[in-house]
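Let's take a friendly walk through a protein model, stopping at a few places along the chain. Keep the structure open beside you as you read.

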Amino acid sequence: MPSFLLSPSYTSSFSVPSFFPLLCLPALLASPLMARPRMPGRGIVFYVLVFVCLAQIQCRFHVLAMLDPLDFLALQSIRKSLEDMPGSNFFASWDFTADPCHFDGVYCDTDRVVALNLGDPRAGSPGLTGRLDPAIGKLSALSEFTVVPGRIYGSLPQSFSNLKNIRFLGVSRNFISGEIPEHLGRLRTLRTLDLSYNQLTGRIPSSIGASPELSNLILCHNHLSGSVPSFASHTLTRLDLKHNSLTGTLAPNSLPPSLQYLSLSWNNLSGPVDRLLNRMNQLNYLDLSLNRFTGIIPPRIFSLPLTNLQLERNQFTGAVQPGNQVTIPTVDLSHNEFSGQISPMFSTVENLYLNNNRFSGRVPSNFVDRLLAARIQILYLQHNYLTDIEITPTAKIPVSSSLCLQYNCMVPPIQTPCPLRSGKQITRPTAQCNQWRG
């Protein structure tokens, strides 16, 4: 046997395509070399080729076993439909002569792709452009699929309905258009659906609300219309539908008490929410601002472990009387129709917006004490019907604090800077104050 065929220097540089072991043995067995093994020189060449073929099988079999052929072809189709945006090199590792399970963003379990994260996840990095290929639906073992922010356009493939094992589906901050496919709600394993910051239109499918295991639904910053569906999931913790064009009312039982984060702001929703909110006992974030909600606010909402309470720019009415000291750092009740006296229980709020309502009477003295001690950062009381506040004209408001009192039924005893949109009028006209007193 020629020595060069067995030399380490030769074998180390020798390269055979990864698919060669599957093809070489049948080809060699059918070769004339098998029929005439005693011809001079050919027998040696044959056995050398068999040796190389078996070595390739031994060394390459684990590579071939890493990926199912259907998954391999699906990844090829996905690659053809997408490109790196300028400055991105995400697809640089996608060399299909190598093991696809080592591609950036591809994660395998034995021979199947179980997670596909398209694009460089580093903040601020360029994303991808193109369309989402229907071949994604052929990755039937996929449990996670995400796309980083970029310029991917077109609709969501209908083939997503084949992803029976999907748990996390996130395609946000791109240019996805069209409607949300009804079949997404029939994916019984789906836990998180994030389609935020796209150009989706149409209604939220009722099947999404019927999804039994859904934990996080994030559809904010789209162009969705219609009503908010009722949700059957008892594990739903995050619901973010802000910045859409949703309409209609919320039934008392439409949202589960398991919610911890609820944002419905910047829509056209209407009707009362007091019975709905009375069922919520795990909320730590609530934003219902910029809608047309009406009715009263239940006092118990102020005792929830909220970090932020945003109810501004609605049509809420009635008195606001928390049962205990409010520990929520930021409370915004501005631009509503709340009335009655300001509760001293709000004096423990760091950022309090009560402006543009119908509050009347005196400002509780404990507000002044905490304001002068820099315990209150923002206290906006402008555009109400307040008649008095116990603060001396020589009092010095801390630099870190802001107080606005203008356009009430009193002359502010202290001049403080107010937001520009508060207007230039210092005091509300006497006729309005007399009319309000009845």
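**A walk along the chain**

Cys108 is partly exposed, with a relative accessible area of 24%. Please keep in mind that this is a predicted model, so every value here is computed from predicted atoms. The cut-off behind the label is simple: a residue is called buried under 20% and exposed over 50%, and partly exposed in between. Because 24% falls in that middle range, Cys108 gets the middle label.

Which residue is the disulfide partner of Cys108? That partner is Cys101, and the two sulfur atoms are 2.1 Å apart. Cys101 has a relative accessible area of 10%, and because this is under 20%, Cys101 counts as buried. You can also look at the twist of this link: the angle about the S-S bond is -95°, which makes the link left-handed.

How many disulfides does a search of the whole structure find? The search gives 3, so let's visit the others.

Further along the chain, Cys404 is joined to Cys418 by a disulfide, with an S to S distance of 2.0 Å. Here the angle about the S-S bond is 110°, and the link is right-handed. Cys404 sits in strand β27 (residues 402-404), while Cys418 is in the loop between β27 and α9 (430-437), so the disulfide ties together parts that are 14 residues apart in sequence. Is Cys404 buried or exposed? With a relative accessibility of 0%, Cys404 is buried. Cys418, at 23%, counts as partly exposed.

Another disulfide joins Cys409 to Cys433, again with a stated S to S distance of 2.0 Å. This pair links distant parts of the chain, 24 residues apart: Cys409 belongs to the loop between β27 and α9, and Cys433 to helix α9. The link is left-handed, with -100° about the S-S bond. Cys409 is buried at 13% relative accessibility, and Cys433 is buried at 5%.

Now let's turn to a helix. Helix α5 covers residues 69-81, which makes 13 residues. At 1.5 Å a residue, the helix should span 18 Å, and its end C-alpha atoms are 19 Å apart, so the expected span and the model agree. The expected value comes from multiplying 1.5 Å by one less than the number of residues.

Which residues of α5 are buried? They are Asp71, Ala74, Leu75, Ile78 and Ser81. If you look down the axis of α5, these buried residues fall within an arc of 125°, so they line one face of the helix. The face turned away from that buried side carries the exposed residues Pro69 and Lys80. What covers the buried residues of α5? The cover includes the strands β1 (82-84), β2 (106-109), β3 (112-118) and β4 (128-131). At the start of α5 there is one more detail to find: a side-chain oxygen of Asp68 comes within 2.8 Å of the backbone nitrogen of Leu70.

One of those covering strands, β3, is also the place of Asn117. Asn117 has a relative accessible area of 17%, so this residue is buried, being under 20%. Which side chains does the side chain of Asn117 meet in polar contacts? Glu144 is one of them, joined by a polar contact of 3.0 Å, and Thr146 is another, at 2.8 Å. Leaving aside residues up to four places away in sequence, Asn117 touches Phe90, Gly105, Tyr107, Glu144 and Thr146.

Let's end with the backbone. Most residues other than glycine have a negative phi. Against that background, have a look at Tyr197, whose phi is near 55°, a positive value in a residue other than glycine. Tyr197 is in the loop between β9 (192-194) and β10 (199-202), and with a relative accessible area of 29% Tyr197 is partly exposed.

Where is Arg313 found? Arg313 is in the loop between β19 (308-310) and β20 (315-319). Its phi is near 60°, again a positive value in a residue other than glycine. Arg313 is partly exposed, with a relative accessible area of 36%.

Key: Residues are numbered from 1 along each chain as its sequence is written. This is a predicted model: local features need pLDDT of at least 70, side-chain atom pairs count only at pLDDT 80 or more; totals for chains, interfaces and linings use all residues. Side-chain values use heavy atoms; hydrogens and water are left out. Helices (H or I, at least four residues) and strands (E, at least two) are DSSP runs, numbered from the N terminus. Buried means under 20% relative accessible area, exposed over 50%, partly exposed in between (1.4 Å probe, protein chains only). The arc is that of the directions from the helix axis to the C-beta atoms. Contact means heavy atoms within 4.5 Å. A polar contact is a pair of N or O atoms within 3.5 Å; within protein, one must be able to donate a hydrogen and the other to accept it, and residues adjacent in sequence count only if both atoms are side-chain atoms. A disulfide is a pair of cysteine sulfur atoms within 2.5 Å.
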